[in-house]
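Student: I've got a structure open and a pile of labels I don't quite trust. Can we go through where they come from?

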Amino acid sequence: MIADIWTVTWKEWQEFRDQLLSLRRGGLSALILALILGVVAPVQLGPEWVHSRIVIAYWPFLAATMVSSLIADSVAGERERHTLETLLASRLSDSAILIGKIIAAVLYGVGFAVANMLIGLVAVNIAYRESAPILFAPQRFAVTIILTILASLLMAGIGVFISLRASTVKQAQQAFGIAIIVITMGPLLLFNALAPEMRESLVRRIADVGESRMETYAVGMLFVTSAIVIGAALARFKRGKLVLD
Amino acid sequence: MITPPGYAIRADQLTCDFGPVRALDSLSLEVPSGIVFGFLGPNGAGKTTAIRAFLGLIDPSAGRAEVLGFDTRREATTIRTRCGALLEHPGLYERLTAKANLDFYGRAWHIPRPVRQDRIRELLTRFGLWDRRDDPVGRWSRGMKQKLAVARAVLHRPALVFLDEPTSGLDPVATVGLREDLAALAAQEGVTVFLTTHNLNEAERLCAQVGVIRGGKLLAVGSPESLRARRDSGRVRIAARGLTEELVVSLRAWPDIQSAAADDGQLSLALRNGANVAPIVAWLVQHDVEVEEVVKTRATLEDAFLDLMGLDAAGPALGRGDA
């Protein structure tokens, strides 16, 4: 099973690599994104870019966005390019195919985020030379990485559902765009819809929880949610259904 | 049901329903091992559904099938491990090179790396694709892609290969090339080939046995020779001068004549079983027809096929073979 998962991940990476190495097919946009996120933004923000609490949400969001574009290509793309049925006619199990695809997309998203973190760190240290190197706080860095992995897994699971319902990559990406807006803006809109006293009370309660416990809650919540979504995706990704879709 | 030795596929009353549509209707079929078996039928006849059911990609609504002695419901993974398939589309990753495509499926079948590399080289060389091994497949012609897809299907030396219309959409030259490759492959690898096609010429040249399916029902099965023999009840072509429409109409009324048609001095007759052509020729001569030639024509697989479809040769024919 592990060898099969790795085989699928290897194939997905071969396709990603080809896209990344080709400037016209996505390499250029990845390069521009890396330049903006990894160099321009850190240099403009300075040490604040490293120490700000916002990084805890920023990097998971960035990785999840990258995962969303890849998982759509990986799942809906197989159908659109008529490669899915051949893959299903192989000896690979349904779960090995799906997990292989999810791992490939998550590795890409997390890898992209971590690479940008490191490039940004180098850029900040060059632009704002101080006596001691400017580094992420170890605990916050660890939590950020865990949240980045979990957010990527969650997005991959959601992506599988969206992509299985879409007949083309474009359709899946459009649906994904809407889903990301709902996921990110939804809580904000809900918060604004609350009565002012409720909002104040909520902010107070969150502040009382403390940063460390909030991080634990976030990790726990994302872990449970992504496990449920991926479990449901595994249940949905079955040959019998896929061949007839 | 236990598949007796010597059979690659055995289906017993296999039925597949998709909502109100019955795609396979009580299909009972035995395909001997080591042959090229052609599954013929018009579009929508149930050919692809049969392959999907044999590969365990869909569960039948009723009946059962065994492939290589394994039950398609319970042992589908074992079946897929031992079979190869080229389905409706080539199913190649167009961004990847030919070598990477084969490498991926070689890994999927757990072929050790050195064996895999040798096998990829062997197949790409056999199909004349080795020089283009590092090209992304997306740049290839359809014929080359089909060859690569066939190579992928036999990469792991399966005991049984399903080929769903492998020459569909190819030009005549590519069709002949691929057909020759398939024949050589079947002979050299000793593999059972289950081939669906609506190209009757292809089936006649490649297949040791054929089955004819329409509307999910198996209409006939046997060697192309035996199917042709059904139609060889007596087709006669008479080249003659002085044929008139009245004479042809009179001939149609003869009890021994199933059908009669005249076109450009050629009289085509289909005789009923055991009928003799001599009295007909004598009758024509009596009616001032100058008979120049009498030829008993041999029915083709297409004639037999059209007969089974309930169409005559002048009707809406299926692919008569483009090469």
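Tutor: Sure. Start with a pair of helices: H7(A) and H8(A) are oblique to each other. Keep in mind that this is a predicted model.

Student: What makes H7(A) and H8(A) oblique?

Tutor: Their axes cross at roughly 135 degrees and come within 9 Å. Angles over 145 would count as roughly antiparallel, and 65 to 115 as roughly perpendicular. Since 135 falls in neither range, H7(A) and H8(A) are called oblique. The crossing of the two is right-handed.

Student: Which residues of H7(A) and H8(A) meet there?

Tutor: From H7(A) you have Ile158(A), Gly159(A), Ile162(A) and Ser163(A), and they meet Ala172(A), Ala175(A), Phe176(A) and Ala179(A) of H8(A). Sorted by class, that contact has six nonpolar, two polar and no charged residues.

Student: Why does Gly159(A) of H7(A) not go in with the nonpolar ones?

Tutor: That's down to the class list: Gly counts as polar. So Gly159(A), which is part of this contact, goes with the polar residues.

Student: And what about H6(A) and H7(A): why is H6(A) called oblique to H7(A)?

Tutor: The axes of H6(A), residues 94-127, and H7(A), residues 138-165, cross at roughly 135 degrees and come within 9 Å. That angle makes H6(A) oblique to H7(A). This crossing is right-handed too. On the H6(A) side, the contact includes Leu98(A), Ile102(A) and Val106(A), and on the H7(A) side the residues include Ile149(A), Leu153(A) and Val160(A). The full set divides into ten nonpolar, three polar and no charged residues.

Student: Let's move to chain B. How do you know that Ala153(B) is buried?

Tutor: Count neighbours: Ala153(B) has 26 other C-beta atoms within 10 Å. The cut-off for buried is 20 or more, so with 26 Ala153(B) qualifies. Ala153(B) sits in helix H5(B), residues 142-154.

Student: Which residues does Ala153(B) touch, apart from its neighbours within four places in sequence?

Tutor: Gly84(B), Ala85(B), Leu86(B), Val161(B) and Leu163(B). Take Gly84(B): 69 residues along the chain separate Gly84(B) from Ala153(B), yet their C-alpha atoms are 4.5 Å apart.

Student: Ser26(B) is flagged as unusual. What makes it stand out?

Tutor: Phi of Ser26(B) is near 50 degrees, a positive value, and the residue is not a glycine. Most residues other than glycine have a negative phi. Ser26(B) is part of strand E2(B), residues 21-32.

Student: Why is Ser26(B) called partly exposed?

Tutor: Ser26(B) has 15 other C-beta atoms within 10 Å. Buried needs 20 or more and exposed needs 12 or fewer. A count of 15 meets neither, so Ser26(B) is partly exposed.

Student: Then what makes Asp288(B) exposed?

Tutor: Asp288(B) has 10 C-beta neighbours inside 10 Å. With the limit at 12 or fewer, Asp288(B) counts as exposed. Asp288(B) also has a positive phi, about 65 degrees, although it is not a glycine. You'll find Asp288(B) in the loop between helix H10(B) and strand E14(B).

Student: How many residues of chain B count as buried?

Tutor: Of its 323 residues, 45%. Chain B has eleven helices and 14 strands, and the C-alpha trace spans about 80 × 45 × 35 Å along its principal axes.

Student: Where in chain B is the pLDDT below 50?

Tutor: Over residues 312-323 of chain B. Beyond near neighbours in sequence, this stretch still has 25 contacts in the model. Where pLDDT is low, the predicted coordinates should not be read in detail. Chain B as a whole averages 85, and 92% of the residues score at least 70. Among its elements, H3(B) has the highest mean pLDDT, 96, and H11(B) the lowest, 74.

Student: Last one: what do the two chains contribute to their contact?

Tutor: Chain A gives 23 residues and chain B gives 25. On the side of chain A, the largest share is eight residues from H1(A). That side divides into seven nonpolar, eight polar and eight charged residues. The model scores ipTM 0.84 and pTM 0.80.

How values were computed. Residues numbered from 1 in each chain as written. Chains lettered and ligands numbered in written order. Predicted model: local features only at pLDDT ≥ 70, side-chain atom pairs only at ≥ 80, totals over all residues. Contact = placed C-beta atoms within 7 Å. Helix = DSSP H or I, 4+ residues; strand = E, 2+ residues; numbered from the N terminus. Axes fitted to C-alpha atoms, helices over the stretch in contact; angles between N-to-C directions. Parallel < 35°, antiparallel > 145°, perpendicular 65-115°, else oblique. Left-handed = near helix turned anticlockwise from the far one by under 90°. pLDDT = per-residue confidence, 0-100.
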